[in-house]
Structures are given as structure tokens and as C-alpha cells.
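Subject: Handing over the two-chain model

Hi there,

Here is the structure I promised to pass on to you. Please open it alongside this message, and my notes follow below.

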Amino acid sequence: MPKITYVEYTGTEREIELQSGFSVMQGAIDNSIVGIDADCGGACACATCHVYVDPRWLEKVGPQGSQEAALLDFAALAQPNSRLACQIKMDDQLDGLVVRLPEAQH
Amino acid sequence: MSTQTIQAAKVHADDIPLDQIDVGDPQLFQDGNFWPYFARLRREDPVHYCGKSAFGPYWSITKYKDIMQVDTNHAVFSSEGGISILDRPEEFRTPNFISMDPPKHDEQRKTVNPIVAPGNLARLEHLIRSRACAILDSLPVNETFDWVDRVSIELTTQMLATLFDFPQQDRRLLTYWSDAATAPIGPGGMFDTEEARLAELKNCLDYFTCLWNERVNAEPGSDLISMLAHSPATRNMGPKEFLGNLILLIVGGNDTTRNSITGGLLFLNENPDQYQKLRDDPGLITNMVSEIIRYQTPLAHMRRTALADAEIGGKLIKKGAKVVMWYISGNRDDEVIDNPNKFMIDRPRARQHLSFGFGIHRCVGNRLAELQLKILWEEALKRYPTIEVVGRPERVYSSFVHGYRSLPVRIPA
């Protein structure tokens, strides 16, 4: 199963196995990763599963979708490598993915 | 519709022909009798057309997933025609960013966004806690008092005055203007005519114009008025648009949290097992705050206008139609929320509710609202293991603001 590492805001790193087809948001919720709220449950409707994709993985993860970009446009701590974790689906290509969490979700 | 008992409302809601159901009637909300009507619509006609009402014809969207679909499709479901069921005559409309579509909405929203961003909330936390402590410490013991006036209004209005850097001694004006802005016109409301309402809101505009003039000539500050006065997106607003945005920020920062503070105490009293669970484990407060906000749904609806024909829940909504998303009903949809009529402070996935809306118009102050509720309950529990509700709440005459005028309570000696 592909692996993903979440780096919490405090610096704590958590590596978990995440089944292909599951979203990076779901992986965080199921493993109680601190710092993901996921208020809309994965509908790309709230921007509270905001993560920063490690620059080495940006190309493989791909760009923001249009609805996702509209929401991230209002996120207080957005950066060029910001994505919504509910919009990143795990697959073998992403084995080893690293994402960092912002200070808070807003 | 005249005042009726809850039992009579249940019978009436199940007997009335579907096409005569008008869930927008403010009387249903003041009486607290709207639940059985929404229950029937969710069951029998979840996307419902009301052809004739005091607000004109409108569609009601009553189920969670359908509401989500409308709320996230701002290209078809526009906010420009207004965001409540009530259509104001053109001359009384005050534009503001919640009633705009992109790109203007985006620019103005971004102007005020930093005040409720994580960094600023961390700075506000200490202030909120010290005020919550002072308010709670001042409450009388073994004596009936109004929780709305002494606690809910006090905490939220002090906060709002801080965000505007508005003189604290005049802060109750903010409460009054908030109520004035949302009250329906006519019997049961605060004003008989739109002219009378506008005359009062003109006082609000005049007061804030003085603050604007001070701030526009000063260095940019961190309060909302200074932010608006110095941002390229808002500094050239005309008086109507300034008033519109003021009302948006006053109502958004005031009514909503106020009514959730009141609702929370009422729900704990109605559910003594949950109150006991909270005393046993104050660590549940964060989760309880989300559950309070779901259960209260302090804004019962948001309204959109269809810019094109669209299909929702198998019904064809025609271009130009008024579409009302009933968050208060979607938050009780058992297809998405287990046992939705139960108030459960340890509910799993409590954050997944509709009260803040979804999509680009999602409540900008949601984290500040949650922070105020969390701190208030942390401090209340430390002082008073029980605060008793000793009478019925008086509810607001509105199908937009779902709230309370008063709630009599007593702290046992």
C-alpha cells in the first residue's frame, strides 16, 4: 500500500499507509492527524483540509482544480503549493508523498 | 398563520396540501412550530415550490445534499438578488459583499478576511477570556435574570465593538442596528415601513461615517473600519454600499453567535444527560460547540437566484426563480446526520453541519464564533456547575435569524 507522511504544524511527522483511491483528507481523519478539520466531509466546499504539498511532489500531485482554487483564494495561509487534501487521491505514483499542515484551518 | 400549539402544528403540517406549505412564514419561527413542516417536506417533497407567500413565490431546498449542490454552484445560483427570502424594494437595497458574485465579492471579502484569520484569533483569545470571566463573575446567584441580555448580547457585542474599534460605551447601538436590519416589516417586526427602517439605519451610517473619516486620514490600523477605508477594493464605496457592508458585518458578527450562546444553554437544560456528560468531561466542549451550532442553526436560510434553468433533486428550477436553502432543515436530514433531532455533545463528525454555509460565501467569522462559544463554556463550567432555565424562551419573529429575544435563567445558590 502507498505511504504518505503528514508533517503537523508542531513538526511531528506521521507516516501512514493509505489505500489507493482514498483521499489525503480521509487518511488524515482516519488516523487522527492533528490540524485537518474537513468540515464539508470531502465535497471541495469549505477549504478546511488545507495542506502544503512538499515541493518535490508538486508536479506529480498536479494543479488545483477551479473550485478548489476559488476556495483556497480565501484561505488565510495559502501558498503556491497549497492544495485541499480532499482533492488529492492516493495512488502508487504518490507513494512516499509528503504534505505539511498549516497553523490552523480557516 | 395564527399562533398554534406544537401539537396542533404537527397535525396541521401533516394535513395541509403540500402546495400550501409556506415554511418562510415568520410566525412559525416565533412560535417554534416550523419543525414538522420541514420534516414533511424532507419526506415528501424535498425540493418544494411555494407559489404564493408574503415573500412571493420561492423554491425551498430542504435536504443536506441538495443544499450543498446549490451552495457550491455560485455560477448558476447567484447571490446578487439578495441572500434572504425577503426582497427589498430597489431603493432600500444596500449592496454588500455577501450579496455579490465574483469577482467583486472576492476582492471585498479578502479585505476583511485577515481580522478573523488564525493569527489574529490567537491575539483575541486572551481578551475574549477576560471578558467572559468578567461577565460570568457579575451574574447574580439565586435570582432570575435574562441570559440573552446579560451574557449572549454582552459577550458578542463587546467583541464586535473591538473588531470595529467602536466606542465600547455605545456598543448596544450595534445590537439595536443588528436587530433593526433583519426585522421583518409590519406587525411583529420593529418597523411599520421600509422608510422607518432606513431612517434608523441612516443613524448607523452617520455614526460609522465619523469613524471612517477619522481612520481614512490615519495610518492603516487593524480594525474593520480602517481595513475598509484603506483597501483599494472598498475605499471608494458609496454610502449605500458602506452601510450594506456594515450591516453584513454587524449581523454576521452579532446575531449568530449571540443566538448560539443562548441556544446552547437551552439545549443543555432540555437534555440533562448531556449537561451531566459535559460536567463529567469538559474536554467535550470543542465538540459540543459544533453540535450547538448545528442544533441551533442561527441563520435558518440563505437565498439564491437562479441565473439559468437548473435541475435540483429531480425538479426543474427556472431561470430567475428565488431559491431558499433551508440550512435549519438540512441540519436535521437523517440521510446525512444520524439521529439528527438528538442533541449529542459527543456526536461523531459534529463539524459536518450546514450552519456556516459552503462554497465561496461560507461564513468568514466561523472560527471566531467557535472560539467565543468555547471560551464561554470553559469559564462557565469552572464557576457554575448548573445554570437553570426557569421559563420559556421568547423567540424572534423571523424566518432568517433563528434566535431568541430572552431566556429566563437562575444560578442555584
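In which sense do strand β5 (residues 301-306) of chain B and β8(B) pair, and over how many bridges? The two strands pair in the antiparallel sense, and five bridges hold the pairing. Before I go on, please keep in mind that this is a predicted model.

**Strand β8 of chain B**

Let me stay with this strand for a moment. β8(B) covers residues 322-326, and five of its five residues are buried, so the strand is largely enclosed by the rest of the structure. Burial holds on both faces: Lys322(B), Val324(B) and Trp326(B) are buried on one side, and Val323(B) and Met325(B) are buried on the other. Besides β5(B), β8(B) pairs with strand β2 (residues 58-61) of chain B, this time in the parallel sense and over three bridges. Val324(B) is a handy residue to click on here. Ser60(B) stands opposite Val324(B), and Arg303(B) stands opposite Val324(B) as well.

**The sheet in chain A**

Chain A has an open sheet of five strands with mixed pairing, in the order β2-β1-β5-β3-β4. At its edges stand β2 (13-17) and β4 (82-84), each with a single partner strand, so one side of each is left without a neighbour in the sheet. From one strand to the next, the twist averages 35°.

Strand β1 (residues 3-7) of chain A is a nice one to look at. In a regular strand, side chains alternate between the two faces of the sheet. Along β1(A), Ile4(A) and Tyr6(A) point to one face and are buried, whereas Lys3(A), Thr5(A) and Val7(A) point to the other face and are not buried.

How many bridges join β1(A) to β2(A), and in which sense do these strands run? There are five bridges, and the strands run antiparallel. Ile4(A) has Ile16(A) in β2(A) as its bridge partner. The hairpin made by β1(A) and β2(A) has five residues between the strands, and Gly11(A) takes a positive phi near 105° there.

With β5(A), by contrast, β1(A) pairs in the parallel sense, over four bridges. In that pairing, Thr5(A) stands opposite Val98(A). Strand β5 (residues 97-100) of chain A is also joined by two bridges to strand β3 (residues 50-53) of chain A, and these two run antiparallel. Val53(A) has Val99(A) as its bridge partner in β5(A).

**Two helix pairs in chain B**

The first pair to look at is helix α6 (residues 118-137) and helix α16 (residues 366-383) of chain B, whose axes come within 9 Å and cross at roughly 40°. α6(B) and α16(B) are therefore oblique to each other, and α6(B) passes α16(B) in a right-handed crossing. The α6(B) residues at this contact include Leu121(B), Ile128(B), Arg129(B) and Leu136(B), while those of α16(B) include Leu368(B), Leu371(B), Ile375(B) and Glu379(B). By class, the contact has ten nonpolar, one polar and five charged residues.

The next pair is helix α7 (residues 147-164) and helix α12 (residues 255-270) of chain B. Their axes come within 8 Å and cross at roughly 140°, and α7(B) and α12(B) are therefore oblique to each other. The crossing of α7(B) past α12(B) is right-handed. On the α7(B) side the contact residues include Trp147(B), Val151(B) and Leu155(B), and they meet α12(B) residues including Arg258(B), Ile261(B) and Leu265(B). Here the residues divide into seven nonpolar, four polar and one charged.

**Where the chains meet**

Between the chains, 16 residues of chain B are in contact with 17 residues of chain A. On the chain B side, helix α5 (residues 104-112) gives the most, with three residues. That side of chain B has six nonpolar, four polar and six charged residues.

**One last residue**

Is Ala39(B) buried or partly exposed? Ala39(B) lies in helix α3 (residues 35-44) of chain B. With 18 other C-beta atoms within 10 Å, Ala39(B) is partly exposed, because a residue counts as buried at 20 or more. The C-alpha atoms of Ala39(B) and Asp333(B) are separated by 8.6 Å, although the two residues are 294 residues apart along the chain.

Happy exploring, and best wishes!

Terms used
Residues are numbered from 1 along each chain as its sequence is written. Chains are lettered from A and ligands numbered from 1 in the order in which they are written. This is a predicted model: local features need pLDDT of at least 70, side-chain atom pairs count only at pLDDT 80 or more; totals for chains, interfaces and linings use all residues. Axes are lines fitted to C-alpha atoms, for helices over the stretch in contact, and angles run from 0 to 180 degrees between N-to-C directions. Angles under 35 degrees count as roughly parallel, over 145 as roughly antiparallel, 65 to 115 as roughly perpendicular and the rest as oblique. A crossing is left-handed if the near helix is turned anticlockwise from the far one by less than a right angle, and right-handed if clockwise. Two residues are in contact if their C-beta atoms, placed from the backbone, lie within 7 Å. Ala, Val, Leu, Ile, Met, Phe, Trp, Tyr, Cys and Pro count as nonpolar, Asp, Glu, Lys and Arg as charged, and the others, Gly among them, as polar. A residue is buried if 20 or more other C-beta atoms lie within 10 Å of its own, exposed if 12 or fewer, and partly exposed in between; C-beta atoms are placed from the backbone. Two strands pair if DSSP finds at least two bridges between them.
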